[in-house]
There are 2 protein chains.
Amino acid sequence: MSVTGAGVSERTGQIVDAARVLIDEGGSAALTMRALGERLGIRAPSLYKHFPDKGAVEAQVIALALRELASELERAGSLDALASAYRAYALEHPHLYRLMNSGPLPRHLLPAGVEDAAALPLVRAVGGDMDRARAVWAFAHGMVILELDGRFPPDADLDSAWRTGLKAFAVPARRRSGA
Amino acid sequence: MSVTGAGVSERTGQIVDAARVLIDEGGSAALTMRALGERLGIRAPSLYKHFPDKGAVEAQVIALALRELASELERAGSLDALASAYRAYALEHPHLYRLMNSGPLPRHLLPAGVEDAAALPLVRAVGGDMDRARAVWAFAHGMVILELDGRFPPDADLDSAWRTGLKAFAVPARRRSGA
DNA sequence: GTCTATAGCCGGATAGAC
DNA sequence: GTCTATCCGGCTATAGAC
């Protein structure tokens, strides 16, 4: 059984797993049909007997990564813990993080529910307030992607910036009276 | 005089301007030496008399866009106005926004101070608190890039999510007592 | 389901004439 | 500073034999 689990043929699971490794190690650009074939000990054209095109393989890797991330986040209870787990995954697997969170999502190629499942832990953590969930997600994604892209100054204290942001989002109601 | 201003030869300014248009209209991938030459009525190899390689051209476009964005932001007084201007620029020039805010920055090819100048309006708006500046930037960038990438559900009320986030960041001190 | 061969396209960049 | 000619490399994908 491959990591992907489902009832597909063993071979397709191996292909997706190999593609995941290629991306994890070298980024999206490292996923080429030739490299993928080589890793599996077959020639690139043979892959087309299992997948219609490269996009289909990539979509399966995205689904895999989404489930992977979701399973990490499920363990977290508080919003702070959630943020820690989120950042940790991104730093451990920057290329996979980018793949699943940047650029257009091939939604029509993704198994239903995968996207929602990845979002669920956060939605729950903010008590179902979707505006807050989206704002926190934007903050977390922004922090992570700017860090991965090296956009913060080398001497920036990112832990401190995270704390500042999380503190701002932590106090939900408790508004004094004005607008 | 080209938009770039500086004392470079007229031709190099025209090249950068043309490259800016190419990216603005078709994204980073649309900037190819051939397309750039065609737009200027010359052949691609001729460009190498003005720039060492494609990366140098791209870096100048980034500098140009950074200054463009900075000049839009300078006009804004409040943090809310700043956020509006930021989002407006990103939605008007999504490809340029991506170019200057995603992926690694070729800092060694950028004129000194350009990056800081773009950040200055925000730093000022949060009273020089760098943690807060970084957190707000992450939030704003996250909102913008997730919107550009179509990651929010079609029915999501993004104005509302922005308000939620900005409200959270608006109240700086005023902490009751506990941790 | 794997292979070989190859079509087809696009890209950055260089050499050398004018 | 512009040109033509060209090299070199990369990629996805197909055709057809086994």
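Q: How many salt bridges does a search of the whole structure find?
A: The search finds 16 salt bridges over all chains. The structure is a predicted model.

Q: What makes the pair A:Asp159 and A:Arg87 a salt bridge?
A: The closest N and O atoms of A:Asp159 and A:Arg87 are 2.8 Å apart. The limit between a side-chain nitrogen of Lys or Arg and a carboxyl oxygen of Asp or Glu is 4 Å, so the pair qualifies. The pair links distant parts of the chain, 72 residues apart. A:Asp159 lies in helix α8 (residues 158-170) of chain A, and A:Arg87 lies in helix α4 (residues 79-92) of chain A.

Q: Why is A:Arg87 called buried or exposed?
A: A:Arg87 has a relative accessibility of 15%. Buried means under 20%, and therefore A:Arg87 counts as buried.

Q: What class does A:Asp159 fall into, and why?
A: The relative accessible area of A:Asp159 is 45%. Exposed would require over 50% and buried under 20%, so A:Asp159 is partly exposed.

Q: How do you know that B:Asp24 and B:Arg20 meet in a salt bridge?
A: The N to O distance between the side chains of B:Asp24 and B:Arg20 is 3.3 Å. This value lies within 4 Å, so the pair satisfies the criterion. Both residues belong to helix α1 (residues 10-26) of chain B; because they are four residues apart there, about one helical turn separates them.

Q: What makes B:Arg20 and B:Glu68 a salt bridge, and which parts does the pair tie together?
A: The closest N and O atoms of B:Arg20 and B:Glu68 are 2.6 Å apart, which is within 4 Å, so the pair is a salt bridge. B:Arg20 is in helix α1 of chain B and B:Glu68 is in helix α3 (residues 54-74) of chain B, so the pair joins parts that are 48 residues apart in sequence.

Q: Are B:Asp24, B:Arg20 and B:Glu68 buried or partly exposed, and why?
A: B:Asp24 stands at 18% relative accessibility, and B:Arg20 has a relative accessible area of 16%. Both values are under 20%, so both residues count as buried. B:Glu68, at 21%, is not under 20% and not over 50%, so B:Glu68 counts as partly exposed.

Q: Which residues of chain A are linked in a network of salt bridges?
A: A:Arg20, A:Asp24 and A:Glu68 are linked in such a network.

Q: What describes the contact of chain B and chain A?
A: The contact takes 38 residues from chain B and 39 residues from chain A. The two chains bury about 3300 Å² between them, with 56% of this area on carbon and sulfur atoms. B:Asp131, B:Arg134 and B:Arg151 supply 21% of the area that chain B buries against chain A, more than any other three residues.

Q: How many residue pairs are in polar contact across the interface of chain B and chain A, and how many salt bridges are there?
A: Twelve residue pairs are in polar contact, with both residues at pLDDT 80 or more. The rule finds zero salt bridges across this interface.

Q: Which elements give two or more residues to the side of chain B that touches chain A?
A: These elements are α5 (94-101), α7 (130-148) and α8 (158-170) of chain B. Helix α7 of chain B gives the most, with twelve residues. By class, this side of chain B has 17 nonpolar, nine polar and twelve charged residues.

Q: Why does the phosphate oxygen of DNA strand C count as a polar contact of A:His50?
A: The phosphate oxygen is 2.8 Å from an N or O atom in the side chain of A:His50. The limit for a pair of N or O atoms is 3.5 Å, so the pair is a polar contact. The same test is met by A:Arg11 at 3.3 Å and by B:Tyr48 at 3.0 Å, so these too are polar contacts to phosphate oxygens of DNA strand C.

Q: Which residues come nearest to DNA strand C?
A: Of the 16 residues around DNA strand C, A:Arg43, A:Ser46, A:Lys49, A:His50 and B:Arg34 come nearest. Of the strand's atoms within 4 Å of the protein, 52% belong to sugar or phosphate and the rest to bases.

Q: What makes A:Arg34 a polar contact of DNA strand D?
A: A polar side-chain atom of A:Arg34 lies 3.2 Å from a base nitrogen of DNA strand D, which is within 3.5 Å, so this is a polar contact. A:Tyr48 places a polar side-chain atom 3.1 Å from a phosphate oxygen of this strand. For A:Lys54, a polar backbone atom is 3.0 Å from a phosphate oxygen.

Conventions
Residues numbered from 1 in each chain as written. Chains lettered and ligands numbered in written order. Predicted model: local features only at pLDDT ≥ 70, side-chain atom pairs only at ≥ 80, totals over all residues. Heavy atoms only, no water. Contact = heavy atoms within 4.5 Å. Buried area = accessible area lost by both parts, 1.4 Å probe. Polar contact = N/O pair within 3.5 Å; in protein donor to acceptor, adjacent residues only side chain to side chain. Nonpolar A, V, L, I, M, F, W, Y, C, P; charged D, E, K, R; others polar. Near = heavy atom within 4 Å. Buried < 20%, exposed > 50% of the residue type's maximum accessible area, 1.4 Å probe, protein only.
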